[in-house]
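Welcome to this guided tour. Please open the structure in your viewer and keep the selection tool at hand.

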Amino acid sequence: MSATKEKILDTALALFNDQGIDGVTVRHIAQATGISHGNLQYHYANTDLIIQALYDRLADRFDDMIHAAPQQMEDEITAFRRSAEDSFRLIYAFRFIFLHFVEIGRRIPAITKHYHQNLKKREPQFLHLFHLLQAKGVMRKDVPEPILKRLVHQMFIVCDFWLSSNEITLQLKGKKALDYYGELFWGMFWPYLTAKGLKYFS
């Protein structure tokens, strides 16, 4: 990707995060980027294309995190925790997408389609991780498979939509928001952990 495109996307991300998607136009982004309106439209004809490009950047970064698979038990646990923490920070960095996700999905159906496909792809990956943790004595082995699948779904709900809840309730900012909702996320796992698991996740 060209340096100009990168600069456009970086600028648009900051504007969308600060002002939302309704009040930001291509002209606003061009002005903030320091290029002409025509030059910006040469790269991105409208804001929907910019939003799509930012969503693609977000999806790529999530893929990079998921594919960093650990090999040892301690590494699996540490990597899972680090991955969750990184995910929350990444979501916060691209928060406009999650705060406006329903509207964005209606405007850009390809994003909704990708999100659905991504859920289907991630479920077996997380189930595999849970099975590893069960085999290592970290997660309870008596948890039925349908319950583990629901846990994966719960993970996605909390990770992807905590910003909306925060926006209308606690309204925490920055590190305070990340810390609070990170703890909320890990609290989901306590009923599924063994004594050994509680030691590692405490």
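In which helix is the place of Ala177? Select Ala177 and you land in helix 10. As you look around, keep in mind that this is a predicted model.

**Stop 1: Ala177**

Is Ala177 buried or exposed? Ala177 is buried, because its relative accessible area is 0%, and buried means under 20%. Now show what surrounds Ala177: leaving aside neighbours within four places in sequence, Ala177 is in contact with Trp162, Asn166 and Leu172. For a longer view, add Glu103, which is 74 residues from Ala177 along the chain. The C-alpha atoms of Ala177 and Glu103 are separated by 23 Å.

**Stop 2: the whole protein**

Zoom out and colour by secondary structure. You will find eleven helices and zero strands, so to speak an α element at every step from the N terminus on. Along its principal axes, the C-alpha trace spans about 60 × 35 × 30 Å. Of the 202 residues in the protein, 43% are buried. Among contacts between residues at least 6 apart in sequence, 70% join residues at least 24 apart.

**Stop 3: the nonpolar core**

In soluble globular proteins, nonpolar side chains tend to be buried together. To see this here, select Phe16, Ile50, Phe130, Phe185 and Phe189, the residues with the most contacts inside the largest nonpolar core. That core has 64 residues. Helix 9 (residues 145-168) gives the most to this core, with nine residues.

Stay with Phe16 for a moment. Which residues is Phe16 in contact with, leaving aside its neighbours within four places in sequence? They are Ile21, Val24, Ile29, Thr47, Ile50, Ile51, Leu54 and Phe96.

**Stop 4: helix 2**

Next, select residues 26-33, which form helix 2. Its buried residues are Val26, Ile29, Ala30 and Thr33. Turn the view to look down the axis of helix 2: the buried residues fall within an arc of 100 degrees, so they line one face of the helix. An α-helix has 3.6 residues a turn, so residues three or four places apart point the same way.

What does the face of helix 2 turned away from its buried side carry? Select Arg27 and Gln31, the exposed residues found on that face. Then display what covers the buried residues of helix 2, including helix 1, helix 3 (37-43) and helix 4. Just after helix 2 comes Gly34, whose phi is positive, near 85 degrees.

**Stop 5: two pockets**

Rolling a probe the size of a water molecule over the atoms shows where empty space is left. The largest pocket has a volume of about 830 Å³. To find this pocket, select Met65, Ile66, Ser83, Arg122 and Phe126, the closest to its centre of the 34 residues that line it. Helix 4 (47-66), helix 5 (73-93), helix 8 (109-135) and helix 9 are the elements that give two or more residues to the lining. Colour the lining of the largest pocket by residue type and you get 23 nonpolar, six polar and five charged residues.

The second largest pocket has a volume of about 260 Å³. Of its 16 lining residues, select the closest to its centre: Asn17, Arg95, Leu99, Glu167 and Lys173. Helix 1 (3-19), helix 6 (95-99) and helix 9 each supply at least two residues of this lining, and helix 1 gives the most, with four residues. The lining of the second largest pocket divides into six nonpolar, six polar and four charged residues.

**Stop 6: along helix 9 and beyond**

Select Ser164, whose place is in helix 9. Ser164 counts as partly exposed, because its relative accessibility is 27%. Not counting residues up to four places away in sequence, Ser164 touches Phe98 and Leu99. Add Ala32, which is 132 residues from Ser164 along the chain; their C-alpha atoms are separated by 27 Å.

Follow the chain to Gln171, in the loop between helix 9 and helix 10 (174-187). Gln171 has a positive phi of about 55 degrees although it is not a glycine.

Finally, go to Lys196 in helix 11 (residues 195-201). Is Lys196 buried or partly exposed? At 38% relative accessibility, Lys196 counts as partly exposed. Select Arg140 as well: Lys196 and Arg140 are 56 residues apart in sequence and 9.9 Å apart in space, C-alpha to C-alpha.

Definitions and conventions: Residues numbered from 1 in each chain as written. Predicted model: local features only at pLDDT ≥ 70, side-chain atom pairs only at ≥ 80, totals over all residues. Heavy atoms only, no water. Core = buried A, V, L, I, M, F, W, Y, C linked by side-chain atoms within 4.5 Å. Buried < 20%, exposed > 50% of the residue type's maximum accessible area, 1.4 Å probe, protein only. Contact = heavy atoms within 4.5 Å. 1 Å grid on protein atoms, 1.4 Å probe; cavity = no way out; pocket = protein on both sides within 12 Å on 5 of 7 lines; lining within 4 Å. Points joined across faces, edges and corners; volume = space filled by probe spheres on them. Nonpolar A, V, L, I, M, F, W, Y, C, P; charged D, E, K, R; others polar. Arc of directions from axis to C-beta.
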